[in-house]
Amino acid sequence: MTGPLVLGIETSCDETGIGIVRGRTLLSNTIASSMDEHARYGGVVPEVAARAHLEALQPSIDAALTEAGVALDDLDAVAVTSGPGLAGALMVGVGAAKGLAVSIDKPLYAVNHLVGHIAADILTPDAEPLEYPTIALLVSGGHTSLLHVRDLTTDVELLGETVDDAAGEAFDKVARLLSLPYPGGPEIDRAALDGDPKAIRFPRGLSKASDLAKHRYDFSFSGLKTAVARWIERCDAEGIDVPVADVAASFREAVVDVLVTKALAACEDLGVPRLLLGGGVIANRRLREVALARAEAAGVTVRIPPLSLCTDNGAMIAALAAELISSGRRPSTLSFGADSTLPV
Ligand code: KG4
Ligand code: ZN
């Protein structure tokens with residue numbers, strides 16, 4: 001095991017993630033989620049998330065150090081997500097990281113959450129090194145972004161992102177419309193098992209020729225959510241039982257279709273035969289299935305890190321900082337702050 005020993009702190013949404021890596025080797029990855037506290041609201045409540053981070057941070061740091069078998073003084077650096085994400089949630093992590101780095105007199109690295117998701121790939125056990133360039137599709141409850149990665153530490157370009165809801169958010173909102181619990185993704189995945197994906201043709205956002213000119217790599221899911229709501233309203237008005245399985249399967253198909261079509265369009269347009277997937281929505285069975293099948297037909301290789309590294313975690317943040325350190329990047333000064341809209 002070689003490389004810098006880095007502790008990474010991730011608090012951009014509802015997961016308090018603390019990860020420790022030695023270079024490209026994962027030593028620990030503890031995750032405390034406040035998801036249960038958000039369940040009754042049907043989505044993440046920023047203030048609740050920030051407060052939960054405050055409570056979870058110290059025990060999570062202790063647990064990660066114990067799991068990794070290292071002491072604070074052994075660390076070479078501390079890393080933290082400075083954005084994008086929920087402002088209050090980020091602020092708790094950034095404050096904690098600064099305090100920790102100063103108290104142990106170690107360098108501090110502020111990193112971008114989206115680039116962190118790409119860095120998760122590095123920690124995949126027994127994986128070949130990531131080849132460049134690669135297209136990355138990141139889909140979670142907080143983001144839906146398509147990126148062109150020419151070099152992880154120096155050259156990542158945002159090609160497009162959602163103009164309204166994130167894909168995971170759409171799953172959560174549609175689950176609510178179908179009276180399924182939060183988080184909605186796994187529930188819809190389950191409900192869709194017995195459904196016909198072709199039963200209802202729901203709209204594919206920003207996919208018309210007139211939209212593609214300006215939004216070729218952007219996503220939109222709010223129109224789809226509204227279409228599902230209208231469909232359910234019509235069933236209610238006509239006194240018909242909502243065919244939950246068919247609605248779930250058809251909705252999921254619309255989301256998956258648009259995600260995979262746009263990701264593969266980027267691969268083709270830019271001549272990049274590699275696609276990396278990340279974010280919690282990658283847990284979706286149909287998304288993985290369709291992405292793998294259509295990518296193979298298009299001659300594109302797909303990489304999917306283990307799910308524990310796809311969802312928000314501190315190890316990916318530590319891994320990115322370890323790469324930055326190895327590439328000679330200087331640490332951040334303490335003047336940086338949480339930036340909810342931090343660009344890549
Ligand atoms: O990356 P992640 O764990 O955290 C944040 O976004 O903070 O992603 C969570 C999101 C939720 O919106 C959840 O509904 C969605 O990922 N998700 C899924 C599935 N499992 C989780 N969406 C679709 N299908 C799934 N199987
Ligand atoms: Zn994320």
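Where does ligand 1 lie with respect to domain 1 and domain 2? Keep that in mind as you open the model, which is a predicted one. The tour starts with the domains, moves to the ligand and ends in a sheet.

**Stop 1: the two domains**

Colour the protein chain by domain. Domain 1 takes 5-122 + 309-326, and domain 2 takes 130-304, according to the domain assignment. Place a marker at the centre of each domain, using C-alpha atoms. The two centres are 27 Å apart.

Now select the residues where the domains touch. Domain 1 brings 20 residues into contact with 23 residues of domain 2. Look at the domain 1 side. Helix H1 (35-39), helix H4 (113-119) and helix H12 (314-326) each give two or more residues to it. H4 gives the most, with five residues. Colour this side by residue class. You should find 12 nonpolar, six polar and two charged residues.

**Stop 2: ligand 1**

Centre the view on ligand 1. Both domain 1 and domain 2 give residues to the shell around ligand 1, so the ligand lies between them. That settles the opening question.

Which residues come nearest to ligand 1? Select Gly141, Gly168, Gly185, Gly280 and Asn284. These come nearest among the 21 residues around the ligand. Next, show helix H5 (167-177) and helix H6 (184-192). Each supplies at least two residues of the shell. By class, the shell holds six nonpolar, 10 polar and five charged residues.

**Stop 3: the five-strand sheet**

Hide the ligand and show strands as arrows. Find the open sheet of five strands, ordered S8-S7-S6-S9-S10. The pairing in this sheet is mixed. Its edges are strand S8 (155-161) and strand S10 (301-303), and each of these pairs on one side only. Turn the sheet and sight along the strands. Neighbours are turned by 25° against each other on average, ignoring direction.

As a reminder, strands of a sheet pair through backbone hydrogen bonds, either parallel or antiparallel. Both kinds appear on the next stops.

**Stop 4: strand S6**

Select strand S6 (134-139). Is S6 mostly covered or mostly open? It is mostly covered, with six of its six residues buried. Show the side chains. Thr134, Ala136 and Leu138 are on one side, while Ile135, Leu137 and Val139 are on the other, and all are buried. This fits the general pattern. In a regular strand the side chains alternate between the two faces of the sheet.

Now check the partners of S6. With S7 it pairs in the antiparallel sense over six bridges. Valine 139 stands opposite threonine 144 in S7. Follow the chain from S6 to S7, and you pass through a hairpin of four residues. With S9, S6 pairs in the parallel sense over four bridges. There, leucine 138 has glycine 278 of S9 as its bridge partner.

Add helix H9 (residues 244-270) to the view. H9 lies across S6, S7, S8 and S9. Its direction is at about 160° to that of S6.

**Stop 5: S9 to the edge**

Step from S6 to strand S9 (residues 274-278). Three bridges join S9 to S10, and these two strands run parallel. Pick arginine 274. Its bridge partner in S10 is threonine 301.

**Stop 6: strand S7 and histidine 148**

Go back to S7. Six of its eight residues are buried, so S7 is largely enclosed by the rest of the structure. S7 and S8 pair in the antiparallel sense over six bridges. Three residues lie between these two strands, which form a hairpin.

Select histidine 148, found in strand S7 (residues 144-151). Is histidine 148 buried or exposed? It has 21 C-beta neighbours inside 10 Å, so it counts as buried; the cut-off for that is 20 or more. Across in S8, its bridge partner is glutamate 157.

Widen the selection around histidine 148. Leaving aside neighbours within four places in sequence, it is in contact with Pro133, Ile135, Glu157, Leu159 and Leu270.

Finish with a distance. Draw a line from histidine 148 to cysteine 310, C-alpha to C-alpha. They are 18 Å apart in space and 162 residues apart in sequence.

Key
Residues numbered from 1 in each chain as written. Chains lettered and ligands numbered in written order. Predicted model: local features only at pLDDT ≥ 70, side-chain atom pairs only at ≥ 80, totals over all residues. Domains from an automatic or database assignment. Contact = placed C-beta atoms within 7 Å. Nonpolar A, V, L, I, M, F, W, Y, C, P; charged D, E, K, R; others polar. Near = placed C-beta within 6 Å. Buried ≥ 20, exposed ≤ 12 C-beta atoms within 10 Å, placed from the backbone. Pairing = 2+ DSSP bridges. Axes fitted to C-alpha atoms, helices over the stretch in contact; angles between N-to-C directions.
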